[in-house]
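Visitor: Could you take me through one part of this model up close? I'd like the strands and how they pair, and then whatever helps me place them in the rest of the chain.

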Amino acid sequence: MTLAVDITHRLGAFRLDAKFEAEGGLIALFGRSGSGKTSIINIVAGLIRPERARIEIDGTVLDDTGHGIRVPRHRRRVGYVFQEGRLFPHLTVRQNLLYGRWFAGLRKPGEDFARVVDLLGIGHLVERRPGKLSGGEKQRVAIGRALLSDPRLLLMDEPLASLDEDRKGEILPYIERLRDKSKVPIVYVSHSVAEVARLATAIVLIADGKVAAVGPAQDIMQRLDFATLTGHADAGAVIEATVARHDAAAGLTELTSRAGRWRLHRIDAPVGARLRLQVRARDVILARIAPVEISALNVLPGVVADVAPYGEAIVEVRLDCNGEALVARLTRYSAGQLGIAPGVAIFAIVKGVSFDRDSVGGPIGGNGGTSDA
Amino acid sequence: MTLSPEEWTAVHLSLRVATVATLVSLPFGVAIAMLLARGRFWGHTLLDGLVLLPLVLPPVVTGYILLILFGRRGPIGAFLYDTFGIVFSFRWTGAALACGIMGFPLMVRAIRLSIEAVDRKLEEAAGTLGASRGWVFLTVTLPLIVPGLLAGMILCFAKAMGEFGATITFVSNIPGETQTLPSAIYTFTQVPGGDAGAFRLTLVSIAIAMLALLASEVMARFASRRLDVE
């Protein structure tokens, strides 16, 4: 799917001036709170009337103020999953799910009810009323409801923001499955690096109402100005690795990626599954000589590709590890001591315990997957 | 306790007048409440005041205005008679009109409050799911304001059952045609030996009022349980 957006809009003192064209199964709009992400998707959904806009999805024009085109919101076929769910309290879960389906009725049957219910694991909820559901359940029903309205595009506005950590962990796998198994492209608004690192295939970085960068997720995540643009200390490269084997005795899982061999605490994924790892820049240690007798499990050889300042006393270093990018953050002092400069051979050291639930994604593409997948 | 045929007539007539007044005002009440709750237009305050006017005017004044406007020679009354053959003056339909006008502010107020309490984000969500404005109103807004509709209808009905001043001014006090419960009670109190009749009709009034209250309570509970607000 290609989404082309060109918007100028004023909201009080805030000025939105965003233009981008993004492609992918899950496009993440990423930026600080108040950077204008939600306004952009509200305009795409037709909830806000923009001063000037041109919105195009795969060649279909939804807005073109220059030519007086504005498709009313109920004819856009743009599904919207709101932060707070917004389920209809007077309808049962089943009626909520079928609400949009009914209006889509005359068109070809899109996503099948049973399939969506199964994909989201909400079969046991359909006869209940939304008031009694947990936050995570509500959000899954809201996703199902939007999917069943046969949308050409699904917008998600920080769907996990109102949930606690456990509930987030409960929903992320469903969104991954949605991204990989449903044909509906997703635009996902978030200010969480962990979510974007796990989910995004393409990223649009938004800062102060403007587009700071657009591109494939891995390219954007390894950018050295990523942390500066987004104000996130959690920045770091995202790599895709394959589960090679499990070491039950040691309680470790071994993965391989182009950069080399990774070992971390045991992950619940079958051998052969591909998954995403986010290697946070602040967790990467650099060494000029291969370390010996060191507790860190992951030592990967590479070459310094790029160095950029991050604030006064800190630099970020991009490494090329056999064609795969890693980012390390260190003090300017250390970088000077080590003589870090483009072209220098280096070893990246990452502790196995620095990976956690936020930085390890579920299997990609559903090949393999856990038993309930 | 048995009622005389005349008393039964008054009870029947009152119930009919109040029911018709309530049901006929309902669509107008919803429309005006919607306009007042959601609309932003010139004359908003004026309309608001106009709707509330019967609540603060002396009922006799309201009745007299109705008489001027809706009487056979009044501008609206003459038009309605010439075009549709509808007559209000000195008919039970006129009593229903007077009762409806008097109950209208109460009905609009209850419905308006419930419309203002509706989470408009739910309506936005319905729009993104493919519902046009009309469908959003029918499938989201209307079901969500059912408690307000019920409250408004009960208030209007109760007001209509008790309306006296405007009715008697507009359509007089004709037994079998415009003599509602309050008019009948009033008549009884004006004749010697009418105390027993007045007392009987008073008991009937109390019974009807209690039933209406009970019904509204039951319906409101049912509605709020169904909504089960998040």
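Guide: Happy to, and keep in mind throughout that this is a predicted model. Let's begin with an open sheet of five strands in chain A, ordered β14-β13-β12-β15-β21 and paired antiparallel. At its edges are β14 (260–265) and β21 (360–363) of chain A, each of which pairs on one side only. Going from one strand to the next, the twist averages 35 degrees. Inside that order, β12 (residues 236–247) and β15 (residues 274–280) of chain A are joined antiparallel by seven bridges. If you want a spot to click on, try A:Thr242, whose bridge partner in β15(A) is A:Arg274.

Now for another open sheet in chain A, again with five strands and antiparallel pairing, in the order β16-β20-β17-β18-β19. Here the edges are β16 (284–287) and β19 (324–331) of chain A; each has a single partner strand, so one side of each is left without a neighbour in the sheet. Ignoring direction, neighbouring strands of this sheet are turned by 45 degrees against each other on average.

Stay with β18(A) for a moment, since it has a partner on either side in that order. On one side, β17 (residues 298–309) and β18 (residues 314–321) of chain A pair antiparallel over six bridges. Walk along the pair and you'll find A:Val303 standing opposite A:Asp320 in β18(A), while A:Val304 has A:Leu319 as its bridge partner in β18(A). The hairpin of β17(A) and β18(A) has four residues between the strands, and in this hairpin A:Gly311 takes a positive phi near 80 degrees.

On the other side, β18(A) runs antiparallel to β19(A), with eight bridges joining them. A:Asp320 turns up again here: its bridge partner in β19(A) is A:Ala325. So much for the pairing; the turn is worth a look too. The hairpin of β18(A) and β19(A) has two residues between the strands, and A:Asn322 takes a positive phi near 55 degrees there. As for cover, β18(A) is mostly tucked away, with six of its eight residues buried.

Let's zoom out to the domains. Chain A is divided into domain 1 (2–221) and domain 2 (237–363). Their C-alpha centres lie 32 Å apart. Where the two domains of chain A touch, domain 1 puts in 10 residues and domain 2 puts in nine. On the domain 1 side of that contact, α5 (165–181), α6 (193–199) and α7 (217–221) of chain A each supply at least two residues. Of the elements on that side, α5(A) gives the most, with four residues. Sorted by class, the domain 1 side has six nonpolar, two polar and two charged residues.

α5(A) also leads us to a helix worth a stop, because α5 is among the elements covering the buried residues of α4(A), along with β7, α2, α3 (113–120) and β8 (153–157) of chain A. α4 (residues 135–148) of chain A has 14 residues and reaches 20 Å from its first C-alpha to its last, close to the 20 Å expected at 1.5 Å a residue. Of those 14 residues, 12 are buried, so α4(A) is largely enclosed by the rest of the structure. Among the buried ones are charged side chains you might want to inspect, including A:Glu137, A:Lys138, A:Arg140 and A:Arg145. A:Val141, A:Ile143, A:Leu147 and A:Leu148 are also on the buried list. Following α4(A) comes A:Asp150, with a positive phi near 60 degrees.

Two of the elements covering α4(A), β7 and α2, take us to the other chain. The contact between the chains takes 21 residues from chain A and 18 residues from chain B. On the chain A side, the elements giving two or more residues are β7 (78–81) and α2 (93–104). α2(A) accounts for the largest share of that side, four residues. By class, the chain A side divides into 11 nonpolar, six polar and four charged residues.

Conventions. Residues numbered from 1 in each chain as written. Chains lettered and ligands numbered in written order. Predicted model: local features only at pLDDT ≥ 70, side-chain atom pairs only at ≥ 80, totals over all residues. Pairing = 2+ DSSP bridges. Axes fitted to C-alpha atoms, helices over the stretch in contact; angles between N-to-C directions. Contact = placed C-beta atoms within 7 Å. Domains from an automatic or database assignment. Buried ≥ 20, exposed ≤ 12 C-beta atoms within 10 Å, placed from the backbone. Expected span 1.5 Å × (residues − 1).
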